[in-house]
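User: Please take a close look at a single part of this model. I would like one connected account of a residue and its surroundings, then the strands and a helix elsewhere in the chain.

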Amino acid sequence: MQVLSAIGNSTAALIFMYFGHLEQQGHFDNLIILGYGPVKPRASWSSLRAGRPEVPPIAVITRSLDLDLDGELFTDATSPTIVITCEAAPAERRKLAAQRSDLVIAGDEGVDMRLAVRELHERGLTRVLCEGGPRINAQLSADDLIDELCLSVSPMLVAGGAARILNGV
């Protein structure tokens with residue numbers, strides 16, 4: 001099982017740019033894991049996917065399940081969006097998410113990344129690109145689940161108190 005963690009500009013456009021690059025190198029063929037920020041509904045979402053061949057499913061990791069389950073990510077996806085959460089997520093939201101996605105419960109109080117990756121593997125999703133952000137990548141790293149790290153460098157200086165790559169590891 002391979003997990004490829006990619007850190008870069010967390011926008012949907014960059015995620016789709018990864019597709020061609022990673023497919024050419026044979027790195028990616030099954031799944032993308034994201035935090036909800038990069039996939040929040042945007043007016044340009046449809047245009048980013050227009051004319052593209054079938055794409056791998058997208059998995060969103062969230063404890064709160066504060067997702068737009070009526071958004072294009074869930075209504076117009078080529079394959080069902082996978083939502084990874086935990087038992088502590090609100091029961092009503094879990095029920096609704098289960099109706100609109102492929103719901104994975106991985107952990108009790110928080111998402112257990114080992115369980116999440118195991119569940120994805122059982123679905124045949126053994127090569128994963130995680131463009132999840134510093135917290136998700138820190139969890140993957142702490143659990144020794146990253147096989148390869150692709151670091152995108154942007155010509156933009158970023159400062160402030162936001163979490164950074166492998167924050168807290």
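**Strand pairing and the setting of Arg93**

Analyst: This is a predicted model. Start with the strands. β3 (residues 58-61) and β4 (residues 82-85) run parallel, joined by three bridges. One pairing can be named: Val60 of β3 has Val83 in β4 as its bridge partner.

Now the side chains of β3. In a regular strand, side chains alternate between the two faces of the sheet. Here, Ile58 and Val60 point one way. Ala59 and Ile61 point the other way. All four are buried.

Next, Arg93. This residue sits in helix α4, which covers residues 91-100. Is Arg93 buried or exposed? Neither label fits, because its relative accessible area is 25%, which makes it partly exposed. The cut-offs are under 20% for buried and over 50% for exposed.

What does Arg93 touch beyond its sequence neighbours, leaving out residues up to four places away? Its contacts are Leu65, Asp66, Leu67 and Leu69. Take Leu65 to see the separation in sequence. Leu65 and Arg93 are 28 residues apart along the chain, yet their C-alpha atoms are 6.2 Å apart. Leu67 adds a polar contact: its backbone oxygen lies 2.7 Å from a polar atom of the Arg93 side chain.

Last, helix α6, residues 134-142. Its buried residues include Ile136, Asn137, Ala138 and Leu140. In an α-helix, residues three or four places apart point the same way, because there are 3.6 residues a turn. After α6 comes Asp144, with a positive phi near 55 degrees.

Methods
Residues are numbered from 1 along each chain as its sequence is written. This is a predicted model: local features need pLDDT of at least 70, side-chain atom pairs count only at pLDDT 80 or more; totals for chains, interfaces and linings use all residues. Side-chain values use heavy atoms; hydrogens and water are left out. Buried means under 20% relative accessible area, exposed over 50%, partly exposed in between (1.4 Å probe, protein chains only). Helices (H or I, at least four residues) and strands (E, at least two) are DSSP runs, numbered from the N terminus. Two strands pair if DSSP finds at least two bridges between them. Contact means heavy atoms within 4.5 Å. A polar contact is a pair of N or O atoms within 3.5 Å; within protein, one must be able to donate a hydrogen and the other to accept it, and residues adjacent in sequence count only if both atoms are side-chain atoms.
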